[in-house]
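Biologist: Please choose a single part of this model and examine it closely, stating the criteria behind each term. From there, please work outward to whatever else deserves description.

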Amino acid sequence: MIRSCTFFAVLALLTGAAFAHHGWGSYDAAKPVTVSGPVVTSKFENPHATITVRGSDKVWTVTLAPTSRMASRGATQNMIAVGKTISAYGYPSTVEKDEMRAERITVDGKTFEMR
Amino acid sequence: MTGEAPAIFVALEQSGFAAAIRQSLWLYPAANVGHIVFLTMFAGSLAVMDVRLLGGLGAIAPGVLLTQARRFALAALAGMAITGFVLFSAEASHVSLNPVFQLKMALLAAGLANVAIYEFWAKRLIATLTPGAPLPPRAKVLGILSLGIWLSVAICGRSIAYF
């Protein structure tokens, strides 16, 4: 009885609710977007760096990678600083409004992979 | 989303301590790695205890084995609590609202309650058992509960990132 309850609780948990904030599951890879414009705010923080970018249509929140990964690939805090012009290719969130997760970003003519 | 979280968790996330965790290149990943290392240590010692309660590892007296394995389990649990608090602090406001995190904390409480039940309901019975002696049914009930609860805690822990 207890064992089957636990089993079904776990099963319900794994198959049930919708994906949300983290991972790539809550981003729509079928609708890639490219957001280009100036960096409005910049947080070089774990677990993911995030910036907001004033695109042509609206201000996007762009979720980047863990800071150690970004730093090791050359995408340092200075590269994503406020005022930099950035181009981010990625996927819009299916949960958070105006948020996208970047697959790669281009700054100062250099492209950095985020995955 | 931050606005909906309990004030204490918003304050924790906005503290200098949490900011330092987010701004360090290595602190958050180190806590993440440490949490997993302590998890493997915990799972190993837990397996020894629960297998013994279910009748395995019969050549050793259960009282002795459980007392010794528990020291490792408690040390690992303390390690997970510390590293887990670091991970939680960095994103306290939205993690506190995460339904899987809430379920994990409820299951964690159930796991600790199971330990308390063992202390008061079974420990004395088991302490006197010799190697190979049959175990009382309550030992098996608590062993199965322990396995089920702690595995569910681990599953929830890994699932927080996806909900």
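Modeller: In this predicted model, Lys58(A) and Asp98(A) form a salt bridge, with 3.0 Å between the closest N and O atoms; the term requires a side-chain nitrogen of Lys or Arg within 4 Å of a carboxyl oxygen of Asp or Glu. The pair links distant parts of the chain, its members being 40 residues apart. Lys58(A) sits in the loop between strand S2 (50-54) and strand S3 (59-63) of chain A, while Asp98(A) sits in the loop between strand S4 (85-92) and strand S5 (99-107) of that chain. Strands (E, at least two residues) and helices (H or I, at least four) are DSSP runs numbered from the N terminus.

Both partners are partly exposed: Lys58(A) has a relative accessibility of 32%, and Asp98(A) has 22%. Under 20% counts as buried, over 50% as exposed, and in between as partly exposed (1.4 Å probe, protein chains only).

The backbone of Asp98(A) also merits attention, as its phi is positive, about 60 degrees, although the residue is not a glycine. Asp108(A), likewise not a glycine, has a positive phi near 50 degrees. It is found in the loop between S5 and S6 of chain A and is partly exposed, at 48% relative accessible area. A further backbone feature is the cis peptide bond from Asn46(A) to Pro47(A), with omega near 0 degrees; Pro47(A) belongs to the loop between strand S1 (33-43) and S2 of chain A. As background, most residues other than glycine have a negative phi, and most peptide bonds are trans.

Nine salt bridges are found over all chains in a search of the whole structure. One of them joins Arg115(A) to Glu103(A), with closest N and O atoms 2.8 Å apart. Arg115(A) lies in the segment after strand S6 (110-113) of chain A and Glu103(A) in strand S5, 12 residues apart, and this pair too links distant parts of the chain. Here Arg115(A) is partly exposed at 47%, whereas Glu103(A) is buried at 9% relative accessibility.

In chain B, Glu119(B) forms a salt bridge with Lys123(B), the closest N and O atoms being 3.6 Å apart. Glu119(B) is partly exposed at 29%, as is Lys123(B) at 35%. Back in chain A, salt bridges with shared partners join Lys58(A), Lys97(A) and Asp98(A) into one network.

Helix packing in chain B completes the account. Helix H2 (residues 16-23) packs on helix H4 (residues 62-90) at about 90 degrees, with the axes 8 Å apart; axes are lines fitted to C-alpha atoms over the stretch in contact, and angles run from 0 to 180 degrees between N-to-C directions. H2(B) and H4(B) are therefore roughly perpendicular, a label for 65 to 115 degrees. H2(B) contributes Phe17(B), Ala18(B), Ile21(B) and Arg22(B) to the contact, and H4(B) contributes Phe85(B), Val86(B), Ser89(B) and Ala90(B); contact means heavy atoms within 4.5 Å. The axes of helix H1 (residues 7-14) of chain B and H4(B) come within 7 Å and cross at roughly 95 degrees, which makes H1(B) roughly perpendicular to H4(B).

Residues are numbered from 1 along each chain as written, chains are lettered from A and ligands numbered from 1 in written order. Local features need pLDDT of at least 70 and side-chain atom pairs 80 or more, totals for chains, interfaces and linings use all residues, and side-chain values use heavy atoms, without hydrogens and water.

Methods: Angles under 35 degrees count as roughly parallel, over 145 as roughly antiparallel, 65 to 115 as roughly perpendicular and the rest as oblique.
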